[in-house]
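Colleague: I am new to this structure. Could you take me through it, one question at a time?

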Amino acid sequence: MCKHGTEEMVRVKITAERSHTGKAYYRDMPIDKCIAPIVRALQEGGIDMNGSCCGHGKCEGAIILADGRELIILSPEDSERYRTGSNMPDTTIMNWIRSLPRDYERWPVGSW
Ligand SMILES: [Zn+2]
């Protein structure tokens with residue numbers, strides 16, 4: 001994860017719902033450098049999104065899709081812990097997941 005403020009410009013679609021004009025348009029936006037290639041690939045693939053953050057090493061990263069779903073970005077270390085269900089620090093993803101709206105609780109919780 002990159003330090004806060006380490007960004008790369010990516011051309012992103014501002015959806016009509018989020019546009020101040022009510023019409024979709026494209027704009028260069030600063031995206032956290034370590035996830036910029038993922039955001040760019042999603043944009044080029046026509047996936048609308050509302051935002052993204054890599055977490056800057058403080059929490060997991062996320063790319064928020066326009067339809068309400070989220071792509072969670074785990075570090076390689078947290079990914080391994082997630083996959084094996086071992087030694088997941090209570091301070092990282094579990095607390096973060098607990099802080100999400102209740103609808104999210106059905107998601108990874110329970111498989112840990
Ligand atoms: Zn980063």
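Colleague: Leaving aside its neighbours within four places in sequence, which residues is Ala 36 in contact with?

Modeller: This is a predicted model, where local features need pLDDT of at least 70, side-chain atom pairs count only at pLDDT 80 or more, and totals for chains, interfaces and linings use all residues. Residues are numbered from 1 along each chain as its sequence is written. Contact means that two C-beta atoms, placed from the backbone, lie within 7 Å. Beyond those neighbours, Ala 36 touches Glu 8, Val 10 and Ile 31.

Colleague: Which elements give two or more residues to the largest nonpolar core?

Modeller: Such a core is a set of buried Ala, Val, Leu, Ile, Met, Phe, Trp, Tyr and Cys residues joined through C-beta atoms within 7 Å. Buried means 20 or more other C-beta atoms within 10 Å of the residue's own. The largest core has 11 residues, including Val 10, Ala 36 and Ile 73. Two or more come from each of strand E1 (7-14) and helix H1 (36-44).

Colleague: What pattern does the protein chain follow along the sequence?

Modeller: Helices (H or I, at least four residues) and strands (E, at least two) are DSSP runs, numbered from the N terminus. The chain has 3 helices and 5 strands. In sequence order, they read β-β-α-β-β-β-α-α.

Colleague: Which element has the lowest mean pLDDT?

Modeller: pLDDT is the predictor's confidence in each residue, from 0 to 100. The chain averages 79. Among the elements, H1 has the highest mean, 96, while the lowest, 55, belongs to helix H3 (residues 90-98).

Colleague: Over which residues does pLDDT stay under 50?

Modeller: The model has 6 contacts beyond four places in sequence for this stretch. The stretch is residues 102-112.

Key: A residue is buried if 20 or more other C-beta atoms lie within 10 Å of its own, exposed if 12 or fewer, and partly exposed in between; C-beta atoms are placed from the backbone.
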